[in-house]
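I am opening this notebook to record what I looked up about how the chains are arranged and how they touch. My entries follow the order in which I asked.

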Protein chains: 4
Amino acid sequence: MNKYITEFIGTFFLVLTVGLTSGMNALAIGSALMVMIYAGGHISGAHYNPAVTLAVYIRKRISLGDALIYMGCQFAGGLIAALVVSLFMHLPEVADQSTMNTGKAIMAELFGTFALAYVVLNVATAKGNEGNSYFGLAIGFTVFAMASALGQFSGGAFNPAVAVGLIVMNIFEGIKIWIYLLGCFGGAAIAAVVFNLNNPAEKTPAPPEAMID
Amino acid sequence: MNKYITEFIGTFFLVLTVGLTSGMNALAIGSALMVMIYAGGHISGAHYNPAVTLAVYIRKRISLGDALIYMGCQFAGGLIAALVVSLFMHLPEVADQSTMNTGKAIMAELFGTFALAYVVLNVATAKGNEGNSYFGLAIGFTVFAMASALGQFSGGAFNPAVAVGLIVMNIFEGIKIWIYLLGCFGGAAIAAVVFNLNNPAEKTPAPPEAMID
Amino acid sequence: MNKYITEFIGTFFLVLTVGLTSGMNALAIGSALMVMIYAGGHISGAHYNPAVTLAVYIRKRISLGDALIYMGCQFAGGLIAALVVSLFMHLPEVADQSTMNTGKAIMAELFGTFALAYVVLNVATAKGNEGNSYFGLAIGFTVFAMASALGQFSGGAFNPAVAVGLIVMNIFEGIKIWIYLLGCFGGAAIAAVVFNLNNPAEKTPAPPEAMID
Amino acid sequence: MNKYITEFIGTFFLVLTVGLTSGMNALAIGSALMVMIYAGGHISGAHYNPAVTLAVYIRKRISLGDALIYMGCQFAGGLIAALVVSLFMHLPEVADQSTMNTGKAIMAELFGTFALAYVVLNVATAKGNEGNSYFGLAIGFTVFAMASALGQFSGGAFNPAVAVGLIVMNIFEGIKIWIYLLGCFGGAAIAAVVFNLNNPAEKTPAPPEAMID
């Protein structure tokens with residue numbers, strides 16, 4: 001139960017920061033993710049992102065049951081954060097992403113989430129990186145770097161729970177949700193496949209303590 | 001005695017930075033907190049914040065007597081820093097927070113201080129995080145992220161000693177002090193309760209060397 | 001094979017970030033390098049830069065064969081990134097570096113790449129720094145600091161694969177390539193010589209596990 | 001000899017970054033210091049600052065002879081950097097600090113250098129902090145935070161070698177050198193005394209390997 005609460009809290013503060021700094025403070029958003037990862041990593045692994053959970057599942061470090069509960073908690077955290085943001089701020093009446101190019105947006109989410117999941121799998125689950133102190137810094141600043149480079153094309157979610165939160169806040173259009181589901185889950189899945197191919201030594205079954213279930 | 005001096009020095013430089021960069025340099029403020037935490041953590045635990053000390057007390061890692069002395073040193077550090085700021089700068093004649101929405105300000109301080117105390121308890125007191133090198137980075141950048149997201153609603157103290165310092169500098173109104181006391185101590189207390197519930201394995205009595213008394 | 005793919009991926013995301021944030025976001029570029037170093041360091045050593053590979057070769061931590069393959073993968077990563085950037089953005093019709101002073105540009109690339117290779121050799125290959133958690137932070141933020149100081153004179157590549165990527169994007173002029181080859185490889189070679197002279201205790205043959213081949 | 005070269009190189013790149021980003025990029029300057037500390041710490045202790053060397057001498061971690069040679073190398077690094085900056089840029093014909101308030105400038109240098117030396121002694125020389133990975137981050141970001149808070153009053157040197165470099169670049173006035181000597185050496189000396197008083201357990205003679213001589 002503790003790990004589920006941890007996923008909820010971490011995703012809540014991530015999406016709260018995204019919503020309240022919507023004027024594009026990518027450094028604050030990356031930092032919010034970083035600090036929540038350092039706080040919750042020892043309890044839940046600190047995914048805070050359904051696409052990351054998918055990647056960890058493909059890499060066989062979380063059971064299917066827990067992966068689904070994690071995703072539920074992450075979407076719930078994003079939704080509740082969106083409601084809290086609406087208490088703080090007037091949100092737009094209607095979302096408007098009409099100037100967004102669909103192809104570029106999908107590519108942006110694909111590349112950004114690939115980078116994010118690739119970094120997560122390497123810094124937080126690979127044997128060669130055990131016991132490091134930089135996992136949160138690396139993951140949080142991946143979001144900062146990718147949002148700085150790719151955010152202009154898609155809004156820079158790289159996380160379906162963030163995308164859903166932004167839809168509830170009328171910042172993203174609901175009808176565009178498929179772009180984020182496709183881009184984020186697709187990018188993360190490709191990263192997991194690349195990681196598995198590129199780290200054959202990691203293919204052995206996880207020791208029980210490395211497995212979330 | 002050493003730990004009390006350490007709390008004084010750390011809070012002094014935190015509030016000095018808050019006062020002299022009042023034009024909103026959240027990154028400098030978070031960095032000032034980070035560096036003082038790295039400098040003083042090995043001596044006092046580096047709270048520099050009465051709300052954090054309350055959270056550590058609820059989590060049973062500091063004695064009541066020491067908690068009260070810590071808070072005294074922190075308020076003293078904030079006060080002296082405010083006086084030093086007044087030597088450097090012309091301060092406003094009267095504070096004016098008339099445009100601040102009370103409900104939003106309380107919520108902002110509650111959420112921000114909750115996040116701060118939640119991160120502190122996890123990165124600096126949990127067994128699963130022993131010996132890490134990121135505790136200062138995580139705590140300092142929590143203040144940066146929360147100030148970026150929530151500072152617009154309350155001024156972003158997340159720390160009663162900072163709030164008192166800003167009142168002495170005529171940046172916050174004295175009559176609004178209850179907002180910061182309620183928000184900061186409330187948020188920190190909730191974080192400590194959540195931490196205790198969410199970390200049952202940490203409930204065992206602290207080993208003597210982990211206890212401040 | 002894994003290390004070659006890692007070099008390709010890391011350089012790809014570095015040059016992608018350079019291209020898409022060309023409006024000078026040195027912090028995002030340094031962060032992109034940092035996160036890719038943390039992700040790939042345990043597999044390939046995370047050079048992502050032919051000049052760094054040259055320095056590591058002079059310092060005798062990579063075989064000649066591997067050094068050449070590394071450089072090939074890095075240039076390929078930079079080229080593919082440039083093509084991807086061209087899918088996202090309208091690139092300039094023709095490059096224009098006519099206001100660039102050649103002497104200053106060479107000096108800027110020399111000093112910047114010297115600093116970069118000097119930091120890499122010390123934090124990532126010296127015995128006195130084994131097992132640290134800061135190698136990625138130090139290397140990534142060297143690029144940030146040097147780009148902030150020297151980027152105004154040369155564009156701030158400090159990396160021949162970045163320079164080639166920027167030439168393909170029509171941001172640098174192809175005819176100026178020699179400036180970057182001379183400045184970057186020259187600066188890195190000098191750094192390696194200085195490192196070897198200044199670290200006599202490191203001169204012993206590398207233990208097999210520290211050698212890339 | 002290696003440690004002297006290391007002090008020269010580190011101070012050179014610090015002052016080079018100060019000179020070339022004089023438009024106030026405190027984050028780049030703090031980062032330049034950070035990366036040079038991570039690169040050179042294992043060789044020389046990475047002072048790069050005569051005031052820090054004085055503090056380390058008072059704390060009895062460097063011999064008098066080495067302290068003097070360190071300071072010489074640091075001033076030389078600052079001077080050569082100033083000359084290199086003059087090759088890159090048109091410098092002002094004459095320095096002008098006529099609007100600077102002398103009292104505030106001394107106070108600013110005193111407080112800033114106190115904070116810097118206090119952080120250095122704690123993170124880099126105290127037993128309670130051995131083997132950490134954050135020493136460079138803490139020291140570099142102290143300069144960033146203090147320059148952001150106090151730089152407006154004195155220019156924010158916190159380092160006599162930086163002050164001398166800026167005088168050679170005609171950014172500081174030569175006649176004002178005493179402000180920086182007094183403020184920087186004074187602040188560092190006070191920090192060393194406070195550290196010694198506040199860390200009685202550290203008073204035992206340094207083990208030979210912790211002593212620079």
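Which residues in helix 1 of chain A meet which residues in helix 6 of chain B? Keeping in mind that this is a predicted model, I found Leu16(A), Thr17(A) and Leu20(A) on the side of helix 1 of chain A, and Ala145(B), Ala149(B) and Leu150(B) on the side of helix 6 of chain B. Sorting the residues of this contact by class, I noted 5 nonpolar, 1 polar and no charged.

Next entry, on the geometry of this pair. I recall that two packed helices are described by the angle between their axes and the distance between the axes. For helix 1 of chain A, residues 2–20, against helix 6 of chain B, I wrote down an angle of about 50 degrees and axes 8 Å apart. That makes helix 1 of chain A oblique to helix 6 of chain B, because an angle counts as oblique when it is not under 35 degrees, not over 145 and not from 65 to 115. I also looked up the handedness, and the crossing in which helix 1 of chain A passes helix 6 of chain B is left-handed.

Next entry, on chains B and D. I looked up how chain B is superposed on chain D, and found a rotation of 90 degrees with 0.0 Å of shift along its axis, at an RMSD of 0.0 Å. That is the relation of a four-fold axis. Within chain B, the residue that comes closest to this rotation axis is Ser133(B), whose C-alpha is at 4.0 Å.

I then turned to the contact itself, to which chain B gives 22 residues and chain D gives 24 residues. On the side of chain B that touches chain D, the elements giving two or more residues are helix 1 (2–20), helix 2 (26–44) and helix 6 (135–154) of chain B. Helix 2 of chain B gives the most to that side, with 9 residues. By class, I recorded 12 nonpolar, 10 polar and no charged residues on the side of chain B that touches chain D. Only 9% of the interface residues of chain B are also interface residues in chain D, so the copies meet through different surfaces.

Last entry, on chains A and C. Chain A can be laid on chain C by a turn of 90 degrees and a shift of 0.0 Å along the axis, with an RMSD of 0.0 Å. Of the residues of chain A, I found Ser133(A) closest to the rotation axis, at 4.0 Å for its C-alpha. Here only 8% of the interface residues of chain A are also interface residues in chain C, so these copies meet through different surfaces.

Terms used
Residues numbered from 1 in each chain as written. Chains lettered and ligands numbered in written order. Predicted model: local features only at pLDDT ≥ 70, side-chain atom pairs only at ≥ 80, totals over all residues. Least-squares fit on C-alpha atoms with pLDDT ≥ 70 in both. Contact = placed C-beta atoms within 7 Å. Helix = DSSP H or I, 4+ residues; strand = E, 2+ residues; numbered from the N terminus. Nonpolar A, V, L, I, M, F, W, Y, C, P; charged D, E, K, R; others polar. Axes fitted to C-alpha atoms, helices over the stretch in contact; angles between N-to-C directions. Left-handed = near helix turned anticlockwise from the far one by under 90°.
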